[in-house]
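Hello,

Here is the structure I promised to pass on to you. Have a look at it first, and my notes follow below.

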Amino acid sequence: MSAVSTASPTFASPFADARVTFPHLLRSEWRKLWSLRSTWWVLGTTVVIMIGFALLFSLAFTSFVSGNPEASASVEQTGGIPPTTFVVAGYSFGALVAASLGAIVMTGEYSTGMIRATFSAAPTRLPVLWAKLTVVAVVILVTVAASTAIALLVTHPVLSSHDLGVDLSDSEQLRSLLGTPLYVTVVALFAVAVGALVRNTPGAIVTVVALFFLAPTIIGTIAGATGAAWAENINKWLPSSAGERVITAFTDGSGDGGLPLFDAWPGLAVLCAYTAVLIVAAAVVVKRRDA
């Protein structure tokens with residue numbers, strides 16, 4: 001009597017020997033990003049906010065000073081308002097929207113369980129995190145840079161008619177314009193790292209909003225009202241207070257509200273340092289924690 005073999009046939013995957021390289025991961029993350037409906041909404045909202053706020057604030061201010069000679073004289077006595085203030089008026093809300101995209105890019109796969117398939121294809125995991133950071137950085141940087149350029153163009157006729165045109169030969173004005181996409185991009189990367197740590201979309205967005213919008217409002221109000229040294233120091237070292245100095249800082253003191261703050265580039269460096277620390281923490285968590 002002969003024995004009956006019960007061994008099941010093995011499946012030979014045609015991709016068994018395929019090697020997932022970093023360019024492959026970049027391409028994969030790029031396709032994932034644009035396959036999300038929220039990506040289009042977020043980027044469209046960012047463009048509308050950046051351009052719309054610039055035009056709205058420019059029209060409102062020029063209309064105000066045109067019909068109010070006393071207000072116009074008062075503005076001139078205080079050295080005027082840097083014209084880039086109007087061009088980049090929407091940067092704060094733009095950063096909030098960009099941060100939402102950064103959080104969604106990281107947490108979306110955890111919420112659907114797709115992250116397990118992604119890590120199966122890239123078992124070392126960290127290249128996936130680097131690819132997500134790279135894709136988010138490129139998309140946000142290009143989107144905000146283009147929005148800032150368009151905002152500059154559409155506000156130029158309005159501001160120039162009141163001798164408030166942006167002077168690109170002025171290093172401070174040029175730094176403010178260039179610093180806007182840099183600041184918003186770093187905030188988005190900050191959100192990606194937070195998303196990797198908390199793995200929950202609402203939790204990541206709330207954390208970023210609390211750090212970049214709620215905390216500065218509360219601490220700044222306390223510091224301005226009481227002049228307490230501890231409040232001024234905390235306010236100075238907050239991520240948003242430090243980072244947005246590359247946009248708002250001017251040698252005439254405009255934009256600092258009388259509070260001690262970092263200079264422009266050191267402030268952005270502080271925000272970059274916070275973001276780098278969070279990315280390192282996110283890399284450790286992504287590498288060690290179960291998906």
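Helix α7 gives the nonpolar patch its largest share, 3 residues. This is a predicted model, so please read everything below in that light. The patch covers about 410 Å² of surface and is built from Leu 55, Leu 59, Ile 150, Leu 153 and Val 154. Two elements, α2 (37-66) and α7 (126-160), each supply two or more of its residues. If you want a residue to start from, try Ile 150, which sits in helix α7. Its relative accessibility is 39%, so Ile 150 counts as partly exposed.

Next, the charged side chains. The count of salt bridges comes to 4, and several of the residues involved belong together: Glu 29, Lys 32, Glu 109 and Lys 132 are linked in a network.

You could walk through that network starting from helix α1. There, Lys 32 and Glu 29 form a salt bridge with an N to O distance of 3.1 Å. The two residues are 3 apart in helix α1 (residues 22-35), so about one helical turn separates them. Glu 29 counts as buried because its relative accessibility is 4%. Lys 32 has a relative accessible area of 16%, which also makes it buried, since the cut-off is under 20%.

Lys 32 has a second partner in Glu 109, where the closest N and O atoms are 3.0 Å apart. This pair links distant parts of the chain, with Glu 109 in helix α5 (residues 91-112) and Lys 32 in helix α1, 77 residues apart. Both Glu 109 and Lys 32 are buried.

From Glu 109 the network goes on to Lys 132, with 2.4 Å between the closest N and O atoms. Lys 132 is in helix α7 and Glu 109 in helix α5, so this salt bridge ties together parts that are 23 residues apart in sequence. Lys 132 is buried, as is Glu 109. Helix α7 therefore takes part in the network through Lys 132 and also contributes to the nonpolar patch.

Finally, the annotation. An unreviewed UniProt entry lists residues 40-65, 85-108, 129-154, 174-198, 205-231 and 264-286 under "transmembrane region". I looked at two of these spans in the model. Residues 85-108 are 88% helix and 0% strand, and their end C-alpha atoms are 35 Å apart. For residues 205-231 the figures are 93% helix and 0% strand, with 25 Å between the end C-alpha atoms.

Happy browsing, and best wishes!

How values were computed:
Residues are numbered from 1 along each chain as its sequence is written. This is a predicted model: local features need pLDDT of at least 70, side-chain atom pairs count only at pLDDT 80 or more; totals for chains, interfaces and linings use all residues. Side-chain values use heavy atoms; hydrogens and water are left out. UniProt positions are given in the numbering used here, feature names are shortened, and annotations may be inferred rather than shown by experiment. Helices (H or I, at least four residues) and strands (E, at least two) are DSSP runs, numbered from the N terminus. Patches are made of residues with over 30% relative accessible area and no salt bridge: like charges are joined within 9 Å, nonpolar side chains (Val, Leu, Ile, Met, Phe, Trp, Tyr) within 5 Å. Accessible areas come from the Shrake-Rupley method with a 1.4 Å probe; for residues, only the protein chains shown count as cover. Buried means under 20% relative accessible area, exposed over 50%, partly exposed in between (1.4 Å probe, protein chains only).
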